[in-house]
Amino acid sequence: MKIIIVLLVSAFIFLVSCKQQLESRFATDLIENGVTDLSGAYMGQSTPNSIPELFAPDIISNGLINRDITITPEGDEIYFTFSTCDYSYTAVLTSKLVNGIWSIPEVVSFASNPEYVTMEPCLSYDGNQLFFASDRPINDSSEKDDTNIWVVEREGENWGLPKLLDTAINTNQGEYFPSITKNGCLYFTREESSGICYIYSSVFENGTFTKPKRLPDQVNCGRNRFNAYVSQDESYIIIPATGVEKDVRRVNYYITFKLDDDKWGEPINMGPTVNSNLGRGWSASLSPDGKYLFFMSSRGLKEKPKPWSLTYSFFSQLQCDPQNGSANIYWVKSDFIDDLKVKESFTNTITN
């Protein structure tokens, strides 16, 4: 018995030592990359103004595909998605503010199986539920299912087991990108057999979600649309869409505001603040206080300084750097959305 106790204590000490070494190496790597402070709000990042900035470079924004960020109401936990370029490996990761310092990002407990995609996290208004999309099996089978929306609930300092949302939400088609309002209404994307995606919403009543309704053309705009984000008060929806405007072929971010009669206004291009000739992106969200807009974009490669010449070391370094052509997470002060609202109101006044 004493031998077992000694072995367990030794194993614990070894794990603690490994963790400390890993944290030290992580800190050293960040310092070498110019990151010196992981304390304070937003992983110690300086908050942006009206010009978008890369969020947490070399920590969250790196050489992989980075997207889908959600933050607890207290601002002490950040969840986000990492993916390889072909989405073969895709997982939700988290970093937490512990004793004033942000922890090393790690894959959440329910997303570590490499066989399945886990992405698009969205925290409930109180932070006690985390919704996400995954192609994991819906029963005891080991085979992938189509992508469905799942939820986990807090159990102390950890998350419980994932639960599949009921068939009112999930079908034999693909369901993606949950977005939750303050009152618990769920907005999500459904990909139909034609490959065309539509945005739906479902009210939470009596402990369950009601039959979803497809939102009107102002929301389901253009030829195709993806991953709509709704504000907590449901006053507007941000929609990545294609084919909305005649001369704009790429995916752009659009916004539609809720009108007084509970209808939605015409979609408005969100402009060069978030849209770019170089950028592709289909994932947006707001900080808990609504002050900052986070969005996915691959805009950075041609904005980086050109090398004197192309070398092996240049390509080797580029694959690890943010803004290497893969999508990163940017953030910007969200007050420009108020300007878009004024523009929309003015347009409606002139039209009427």
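This section describes the overall fold composition, the internal spaces and two backbone features of a predicted model.

The secondary structure of the protein comprises three helices and 25 strands. Of its 352 residues, 47% are classed as buried. Among contacts with a separation of 6 or more, 48% are formed by residues 24 or more positions apart. The accessible surface amounts to about 18,800 Å², and carbon and sulfur atoms contribute 53% of this area.

The second largest pocket was computed to have a volume of about 510 Å³. Its lining consists of 33 residues, and those lying nearest the pocket centre are Tyr229, Gln232, Leu286, Ser287 and Pro288. Two or more lining residues are supplied by each of the strands β2 (65-71), β7 (118-123), β12 (174-180), β19 (229-230) and β23 (284-286), and likewise by the helix α3 (336-351). In terms of residue class, the lining of this pocket contains 17 nonpolar, 11 polar and five charged residues.

Enclosed space was also identified, with two cavities of 30 Å³ or more present in the structure. The second largest cavity holds about 30 Å³. Residues Asp68, Ile69, Ser283, Ala284, Ser285, Phe294, Phe295, Met296 and Ile329 form the lining of this second largest cavity. Strands β2, β23 and β24 (292-297) each give two or more residues to that lining, and the largest share, three residues, is provided by β24. The lining of the second largest cavity divides into six nonpolar residues, two polar residues and one charged residue. Strands β2 and β23 thus recur in the description, as they contribute two or more residues to the lining of the second largest pocket and also to that of the second largest cavity.

Two residues were examined for their backbone geometry. In general, most residues other than glycine have a negative phi. Asp68, which is not a glycine, has a positive phi of about 60°. This residue is placed in strand β2 and belongs to the lining of the second largest cavity. With a relative accessible area of 3%, Asp68 is buried, because this value falls under the 20% cut-off. A positive phi, near 55°, is also found at Tyr42, again a residue other than glycine. Tyr42 is situated in the loop between α1 (2-32) and β1 (53-54). The relative accessibility of Tyr42 is 12%, and this residue therefore counts as buried.

Methods: Residues numbered from 1 in each chain as written. Predicted model: local features only at pLDDT ≥ 70, side-chain atom pairs only at ≥ 80, totals over all residues. Heavy atoms only, no water. Helix = DSSP H or I, 4+ residues; strand = E, 2+ residues; numbered from the N terminus. Buried < 20%, exposed > 50% of the residue type's maximum accessible area, 1.4 Å probe, protein only. Contact = heavy atoms within 4.5 Å. Areas by Shrake-Rupley, 256 points an atom, 1.4 Å probe, with all protein chains shown as cover. 1 Å grid on protein atoms, 1.4 Å probe; cavity = no way out; pocket = protein on both sides within 12 Å on 5 of 7 lines; lining within 4 Å. Points joined across faces, edges and corners; volume = space filled by probe spheres on them. Nonpolar A, V, L, I, M, F, W, Y, C, P; charged D, E, K, R; others polar.
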